[in-house]
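Colleague: Got a minute to walk me through this one? I'd like to begin at the ligand.

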Amino acid sequence: MPTDTLRFPDGFLWGAATAGHQIEGNNIGSNWWEMEHRPDTHVVEPSGDAADSYHRFGEDIRILAELGMNSYRFSIEWARIEPERGAVSRAELAHYRRMIDACLEHGVEPIVTLMHFTVPRWFEHDGFWRADDAPELFARYTESVLPILDDVHYVCTINEPNIAAMLAGGEKAENLVAHGLAFPDLHVADQLLASHKASREVLTARPEILSGWTVATQAFHATDEEGSAEKLQEYGHPRDFWYLENAAGDDFLGVQAYTRTFIGPEGPIPVAEGVETTLTGWEFYPPAAELGLRSAWELSGQVPLMVTENGIATADDTRRHAYIQGALEGIHRAMADGIDVRGFQYWSLLDNYEWASGFRPTFGLLGWDRETFARQVKPSARWYGEVARANALTVEDADTTSRS
Ligand code: NOJ
């Protein structure tokens with residue numbers, strides 16, 4: 001089969017993403033840790049030591065760089081920085097500064113997320129995002145972090161505010177996407193937007209930083225039935241489109257895409273029998289990233305984009321390779337149409353704690369031993385690292401007539 005090469009622009013950010021609570025371990029000051037240990041908890045297992053990346057971040061960043069990636073998206077845990085209301089830990093700030101330094105030492109662009117679902121226990125007890133002063137408290141936390149952000153160019157304020165607003169609506173985090181998205185708590189949505197804006201305002205003190213939030217896009221498809229297209233708008237707007245529209249004017253917007261959802265006249269339709277699904281029960285659908293980018297570009301009024309998450313939970317690493325290949329082809333198509341995409345962050349660098357589903361859905365480019373934490377590089381990681389190094393993707397060229 002003849003092949004073609006899809007080139008990406010110079011400086012394209014090839015990386016992988018993680019979140020503190022999902023890989024660090026022992027994030028004991030956070031609301032999630034507390035919830036995981038309640039007798040009536042709905043989570044299948046607690047996060048425990050997770051991948052112990054709190055202590056092993058240096059090795060993780062080194063492996064990422066040696067594989068060929070040039071960027072790493074990770075989060076700072078608010079619960080560690082401010083374990084009690086108003087009490088800021090200088091030692092924990094120094095810890096996250098060491099992570100940024102480890103990136104810079106390896107020529108890796110650090111992409112820093114300030115809030116990836118988890119918040120300090122006290123913040124939840126004091127009213128969570130519903131509290132009147134929540135935006136102020138998030139801005140104050142942003143101010144605490146500001147001094148360690150030297151040489152950081154990308155900051156994601158809030159991860160998936162749309163999913164956060166659905167979880168705040170009382171939805172259990174088992175597997176939101178596979179079972180249909182809950183109606184979001186609209187007050188929380190407004191508070192998250194106010195918090196995002198307040199945080200961005202603080203970040204303007206460092207003009208070299210580009211800031212934005214990252215939205216879970218769902219690649220909705222209307223069925224042919226009458227009423228489906230209207231339903232898609234009604235269903236999609238409060239869960240997805242509103243967040244993209246409200247990124248207008250931001251420095252960049254993160255797109256996080258995994259699968260697609262069909263919408264009929266009554267709402268979302270479960271994945272059809274016989275369709276390939278992943279360990280999270282989602283349809284194997286590599287064009288999700290391309291469609292998320294197209295939707296984000298249009299609805300935000302052409303804000304620069306980054307794929308801040310895209311990936312697959314699978315025990316069959318060859319399907320991971322195939323998924324990333326398909327996703328990158330789609331991203332390249334979107335870019336060829338003039339959409340400004342700054343980078344691609346595969347979710348996830350490591351097999352991660354997948355919230356209420358525990359450690360079973362394996363998204364990682366790297367696995368790790370449950371007892372020794374020894375890292376295992378999967379073949380897909382080596383292949384993806386080579387794509388990153390080459391800044392180019394080889395594709396099978398089905399249309400030989402178009403070749404010169
Ligand atoms: C979205 C979230 O940001 C992340 O925490 C989660 O693990 C992945 N998607 C996969 O579900």
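Modeller: Sure. An oxygen atom of the ligand sits 2.7 Å from an N or O atom in the side chain of glutamine 22; a polar contact here is a pair of N or O atoms within 3.5 Å, and within protein one must be able to donate a hydrogen and the other to accept it, with residues adjacent in sequence counting only if both atoms are side-chain atoms. Bear in mind that this is a predicted model, where local features need pLDDT of at least 70, side-chain atom pairs count only at pLDDT 80 or more, and totals for chains, interfaces and linings use all residues. Numbering runs from 1 along each chain as its sequence is written, and side-chain values use heavy atoms, leaving out hydrogens and water.

Colleague: And how far is the side chain of asparagine 159 from an oxygen atom of the ligand?

Modeller: There the distance is 2.9 Å, to an N or O atom of asparagine 159. For glutamate 354, a polar side-chain atom lies 2.5 Å from a ligand oxygen.

Colleague: How much of the ligand's accessible area does the protein cover?

Modeller: 95% of the 300 Å² that the ligand has on its own. Areas are Shrake-Rupley with a 1.4 Å probe, and for residues only the protein chains shown count as cover.

Colleague: Which residues are closest to the ligand?

Modeller: Gln22, His116, Asn159, Glu309 and Glu354, out of 14 residues that surround the ligand, each with a heavy atom within 4 Å. By class, the shell has six nonpolar, five polar and three charged residues. Ala, Val, Leu, Ile, Met, Phe, Trp, Tyr, Cys and Pro count as nonpolar, Asp, Glu, Lys and Arg as charged, and the others, Gly among them, as polar.

Colleague: OK, on to the fold. In what order do the eight strands close into a barrel?

Modeller: S2-S3-S4-S5-S6-S8-S11-S12, with parallel pairing. Neighbouring strands are turned by 25° on average, direction ignored. Strands (E, at least two residues) and helices (H or I, at least four) are DSSP runs numbered from the N terminus, and two strands pair if DSSP finds at least two bridges between them.

Colleague: How many bridges join S2 and S12?

Modeller: Five, between residues 13-17 and 341-347. Glycine 15 stands opposite glutamine 345 there.

Colleague: What about the open sheet?

Modeller: That has three strands in the order S7-S9-S10, with mixed pairing. S7 (220-222) and S10 (267-269) are at the edges with a single partner strand each, so one side of each has no neighbour in the sheet. S9 (261-264) and S10 pair antiparallel over three bridges, and isoleucine 263 stands opposite proline 268.

Colleague: Any odd backbone spots?

Modeller: The peptide bond from tryptophan 347 to serine 348 is cis, with omega near 15°. Serine 348 lies in the loop between S12 and S13 (366-368). Asparagine 26 has a positive phi, near 50°, without being glycine; its loop runs between H1 (20-23) and H2 (31-36).

Definitions and conventions:
Axes are lines fitted to C-alpha atoms, for helices over the stretch in contact, and angles run from 0 to 180 degrees between N-to-C directions.
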